[in-house]
Amino acid sequence: MTVLEQPGAYAPAPPPSWRPRTDAAPLLPDAEPYRVLGTRGTRTAQDGAPGPDAGLLRRLYAAVVHGRRFNEQATALTRQGRLAVYPSSRGQEACQVAAALALGERDWLFPSYRDTLAAVARGLDPVEVLSLLRGDWHHGYDSPGTRVAPLCTPLATQLPHAVGLAHAARLKGDEVAALALVGDGGTSEGDFHEALNFAAVWQTPAVFLVQNNGFAISVPLAKQTAAPSLAHKAVGYGIPGRLVDGNDAVAVHEVLCEALDRARAGGGPTLVEAVTYRLEAHTNADDATRYRTDQEVEVWREHDPVTLLERELRDRGLLDEATVREAEEAAERQAAELRERMHQDPPLDPAELFAHVYAQPTRQLRDQADQLRAELEAEQRSAAAAQSAGSTTAGEETR
Amino acid sequence: MSTAVRQPAAAAADRKPATMGQALRHALRDAMADDPDVHVFGEDVGSLGGVFRVTDGLTAEFGPDRCTDTPLAEAGILGTAAGMAMYGLRPVVEMQFDAFAYPGFEQLVSHISRMRNRTRGKLPMPLTVRIPYGGGIGGVEHHSDSSEAYYMATPGLHVVTPATVADAYGLLRASIASDDPVVFLEPKRLYWSKADWDPQEPEAVPGIGRAVVRRRGSSATLITYGPSVPVCLEAAEAAREEHGDGAEGWDLEVIDLRSLVPFDEETVAASVRRTGRAVVVHESPGFAGPGGEIAARITERCFHYLEAPVLRVAGFDIPYPPPMLERHHLPGVDRILDAVARLQWESGFTESGGFGQGRGGGAV
């Protein structure tokens, strides 16, 4: 039995007995985003479920507190000239953290440029994760070792990579799923469509998490799509779409865990739309007041992912002041360490520009590497000459 | 060793000649048999065997997981190939026609070509992108482009194109074995070209990055690749006979580049230094085309050996013409010989005459 071939499965039925090949109803997302936090006494009472595990709640809480502080620190580093740019995920910490914690050890994460926090929450070294945005190299961590693909800048182009990797894992018989992160704007890209279609046709163990944060830089969702919801797009590919409150870390975690389990078990891909909000501008270089009102932002501040978790923990008596202080102090310690490390200049080696273009540099690249080396040596010589001339002058002045 | 057109005398008496298409199919088949990580996929490559039948029989032999029909989406094909390479597979994908590869361009230039560099070698992209290219088969619009200049302008890609049956096999095997991404351009009008070639014992050919002198000569060097190699060989034969005024013929050297990236400057420069004259021939439009880069490099490296400016015979700077007009566009024997005639043969002793626009006051 092969992975891909199901003889006759896709043969069109002749008219007039035509009917849809798949029943669309089970694929449809719920009308309202799925929520867990703040529903105690409603949802859990109804279905008798015990509610989220206390250990998970605490882990998510510590992670979002850290995530919030990480976002603040990274934005501050742009003002200090230590990051070239930072697209903040402030307001989206629940999605970032839940995505990282939902992954199995062997699963892969395919982040976009706004998903630094997801990579950090997975346990990667934040300085290595920020390499792209710092600008010392295009990418700073060991992707095969960490199973986190490079932060992807061109929108949605990492989605087909996730599909291909998950497909390859399945062909090799490995129980590995790939989780790809994309934004609402990215769903308009052709690669989003092609990735979901390939994943659906091949029944690839890939999960797509759309963080619908309301804006593609300045363009609101209404100008991006006419779909009932982004989760509805799944139905067109024949895969399930799930709609979830993206500021509810527990709900996002639960939905992603289900989708990843299903994917690993051979159940195929899932599209998850997490409704959230980008509390800050697109990047530090953007001015969000040009396209949205403070009142709108204020509504979302009331639905803050950190506050939601904190409230749940307090309501369930799982949070005392000591725990809050502990989480905040840990976040502060990590931020201070990040700040200190980012204030040290990274090692740069211009020769490396030529080292990784090909497995073996071409003759032309070797020539260019030689040229640059000679230029740098000449630069050093003239700097040294200027310095010794300067010291001579200085010496004369003191005489 | 040279892979110059094999002599019939060397042929096994009863062996049928092989076509380039068959040699390519053998290369895919042997690569798949030798390495379970080699996966072939693309549009119609399964039961149909590809529109040019290059993948014929691969699904039957290796199953649909190894030779796979994909949805009709080139960015998806190249993007999933990148992901498969990230997991250690060695994908070989087929773009159905040159111009149909363009939807996948972003994956190629923004990811596949850069992933090794981006990840400092942690995620190499050992994948091969097979693209039938070039004109001369009467194809309607979008079926005859020579798109090599786009790929050549993208650091991180190798760009390879065979002109002989033996190279079709040898270079495709080398491309699949390469740990770098290779854009493998198949001259579609040579798919049916034939040579004596033994699939049981494919002859060894030089690797990627090596040009080959297909014909030795002393008067001038024709530098070419892919579909224009046979045209240049024909032009060289014609040049030997006579040229225009019935004076004695030219003895033209013909270089088959085989690999546009990496570019074999040594072989080209050695030839031009010996002959003192060069013409670059390709179907791709001349403006900002491969010939411009090659001419510049020859000028930089061989200036004091040159008897004439390096000339180019290229496709016109027009969108590829409709089939009934394409013969006017493609570099042919006459246009090549016209260029050779303009290589200032008389410049040492005449003040005027000839095709003097490029003579720069008869500096030689």
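Good morning, everyone. I would like to begin with chain B, which is divided into two domains, domain 1 covering residues 20-195 and domain 2 covering residues 212-358. Please keep in mind throughout that this is a predicted model.

If we take the centres of these two domains of chain B over their C-alpha atoms, they are separated by 29 Å. Where the domains meet, 26 residues of domain 1 of chain B are in contact with 22 residues of domain 2 of chain B. On the domain 1 side of that contact, the elements giving two or more residues are α6 (148-152), β6 (158-160), α7 (165-177) and β7 (182-187) of chain B. As for the character of that same side, its residues divide into twelve nonpolar, nine polar and five charged.

Let me turn now to the sheet. In chain B, seven strands form an open sheet with mixed pairing, and their order reads β3-β2-β4-β5-β7-β6-β12. Why is one side of β3 and of β12 in chain B left without a neighbour in the sheet? These two strands, β3 (67-69) and β12 (259-261), stand at the edges and have a single partner strand each, so there is no neighbour on one side of either. From one strand to the next, the twist averages 20°.

To look at one of these edges in detail, strand β2 of chain B, residues 38-42, runs parallel to β3(B) and is joined to it by three bridges. Within that pairing, G42(B) has D69(B) in β3(B) as its bridge partner.

Across part of this sheet lies helix α3 of chain B, residues 74-86, which crosses β2, β4 (90-94) and β5 (128-133) of chain B and runs at about 170° to β4(B).

The helix α3(B) also brings us to the other chain. The contact between the chains takes 37 residues from chain B and 36 residues from chain A. On the chain B side, the elements that give two or more residues are α3, α4 (105-112) and α5 (115-118) of chain B, and the largest share, nine residues, comes from α3(B). The residues on this side of chain B divide into 15 nonpolar, 13 polar and nine charged.

Finally, a word on chain A, for which an unreviewed UniProt entry lists residues 65-348 as "domain: Dehydrogenase E1 component". Over that stretch of chain A, the chain is 46% helix and 11% strand, and the end C-alpha atoms are 33 Å apart. Thank you for listening.

Methods: Residues numbered from 1 in each chain as written. Chains lettered and ligands numbered in written order. Predicted model: local features only at pLDDT ≥ 70, side-chain atom pairs only at ≥ 80, totals over all residues. Pairing = 2+ DSSP bridges. Helix = DSSP H or I, 4+ residues; strand = E, 2+ residues; numbered from the N terminus. Axes fitted to C-alpha atoms, helices over the stretch in contact; angles between N-to-C directions. Contact = placed C-beta atoms within 7 Å. Nonpolar A, V, L, I, M, F, W, Y, C, P; charged D, E, K, R; others polar. Domains from an automatic or database assignment. UniProt positions renumbered as here; feature names shortened; annotations may be inferred.
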